[in-house]
Amino acid sequence: MTQRIGIIGGTGIERPDPDAGERIVDTPYGQARVWVGGDHADEVVFVSRHGVEHDIPPHRINYRANIDALRQLGVDRVLATFAVGGIADDVPPGAAVALDQLIDLTHGRESTFFDGGESGLRHTVFTEPFCSSLRAAILDRAGGHGIAMRPTGTYACANGPRFETAAEIRMLRLWGADVVGMTAMPEAVLARELEIHYAGIAISVNWAAGIRGPLALDFDALNTMRARLLPLMLDVLRTTKPAGCSCFEPSA
Ligand code: HPA
């Protein structure tokens, strides 16, 4: 199988490379829309998580089809971007965070490939939800691409599509969450289930609810960073064959 690298673009990173070719991939979970391109025509597979028109809300994304399609196309490592609200004091709008932990507050989403019956049952080890090898490479390279990267961050995944209440954010802060978003789950665990190394970069686009005045989204910094973020991700993915991470610890 050809070895390919994958990028899942979140809010603000919706548009594929104009030279990439669109492919519709059939999966047991429905169709996924991807774009294939890169230096060697078929090297990079891009998924636009919310769709290129930004019309797929977080709870309606077909996470299983997206991840299954990446696997079918031979992708073994993925970097995903997330627009988030900043909870920690040092994650103002515009800050970039290399995620290392997750708190999952989603509900009602298809969150596993191991759904009983023919697909069986598996309890996936998820102690370290993001690939530590890819994250180390992100930290190593970010400065060279002009991006100040916070080295760790706990992402709380809210269900959305509404924003959180101020009390929810106070609770998440007490729980140790640094940022809040709506899409890292079940995406991260589905990648783990299909043995795809997966790491995430969060970009703060607002202070989370109740932290500093009215909630105000600010995409300027993300828009400016986009031109540096994509080269960083390609650099990391192309040059890092993940090793020494705990992504493939045997599951029960
Ligand atoms: N909460 C949840 N998801 C988000 C936010 C937020 O404040 N900002 C961007 N995505």
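In this predicted model, helix α4 is followed by glutamate 195, whose phi is positive, near 60 degrees. Helix α4 itself spans residues 184-193 and is mostly covered, with 10 of its 10 residues buried. These buried residues are Ala184, Met185, Pro186, Glu187, Ala188, Val189, Leu190, Ala191, Arg192 and Glu193. The elements that cover them include β1 (4-9), α1 (63-72), β5, β7 (101-104), β9 (154-157) and β11.

A second helix, α2, covers residues 132-142, and its buried residues are Ser133, Leu134, Arg135, Ala137, Ile138 and Ala142. The buried residues of α2 pack against β5, β6 (96-98), β8 (149-150), β11 and α5 (220-239). Strands β5 and β11 thus appear among the packing partners of α2 and among the elements that cover α4.

**The ligand site**

The space taken by the ligand is the largest pocket. Around the ligand stand Ala83, Val84, Gly85, Phe163, Glu164, Val180, Gly181, Met182, Val205 and Asn206. Three strands, β5, β10 (179-181) and β11 (197-207), each supply at least two residues of this shell. The largest share, 3 residues, comes from β5.

The polar contacts to nitrogen atoms of the ligand are listed below, with the part of each residue that takes part.

| Residue | Part of the residue | Distance to a ligand nitrogen atom |
|---|---|---|
| Glycine 85 | Backbone N or O atom | 3.3 Å |
| Glutamate 164 | Side-chain N or O atom | 2.7 Å |
| Asparagine 206 | Polar side-chain atom | 2.6 Å |

The protein covers 92% of the 260 Å² of accessible area that the ligand has on its own.

**Threonine 81 on strand β5**

Threonine 81 is found in strand β5, which runs over residues 75-86. Because its relative accessibility is 2%, threonine 81 counts as buried, the limit being under 20%. Its side chain reaches the backbone nitrogen of glycine 10 at 2.9 Å. Setting aside residues up to four places away in sequence, threonine 81 touches Ile8, Gly9, Gly10, Ile13, Arg49, Ile201, Leu229 and Met233. Glycine 10 is therefore both a contact of threonine 81 and the residue whose backbone nitrogen its side chain reaches, a pair that falls within the 3.5 Å limit for polar contacts.

**Aspartate 178 ahead of strand β10**

Aspartate 178 is found in the loop between α3 (166-174) and β10. With a relative accessible area of 14%, aspartate 178 is buried. Its side chain reaches the backbone nitrogen of threonine 154 at 2.8 Å. Leaving aside neighbours within four places in sequence, aspartate 178 is in contact with Gly85, Gly86, Ile87, Ala88, Val91, Arg150, Gly153 and Thr154. One of these contacts, Gly85, also belongs to the residues that surround the ligand.

**Valine 45 on strand β4**

Valine 45 is found in strand β4 (residues 44-48). At 0% relative accessibility, valine 45 counts as buried. Not counting residues up to four places away in sequence, valine 45 touches Arg4, Ile5, Gly6, Ile7, Val34, Trp35, Val36, Leu70, Leu73 and Val75. Valine 125 lies 80 residues from valine 45 along the chain, and the C-alpha atoms of the two are separated by 26 Å.

Terms used. Residues numbered from 1 in each chain as written. Predicted model: local features only at pLDDT ≥ 70, side-chain atom pairs only at ≥ 80, totals over all residues. Heavy atoms only, no water. Helix = DSSP H or I, 4+ residues; strand = E, 2+ residues; numbered from the N terminus. Buried < 20%, exposed > 50% of the residue type's maximum accessible area, 1.4 Å probe, protein only. Polar contact = N/O pair within 3.5 Å; in protein donor to acceptor, adjacent residues only side chain to side chain. Contact = heavy atoms within 4.5 Å. Near = heavy atom within 4 Å. Areas by Shrake-Rupley, 256 points an atom, 1.4 Å probe, with all protein chains shown as cover. 1 Å grid on protein atoms, 1.4 Å probe; cavity = no way out; pocket = protein on both sides within 12 Å on 5 of 7 lines; lining within 4 Å. Sits in = over half its atoms within 2 Å of the grid points.
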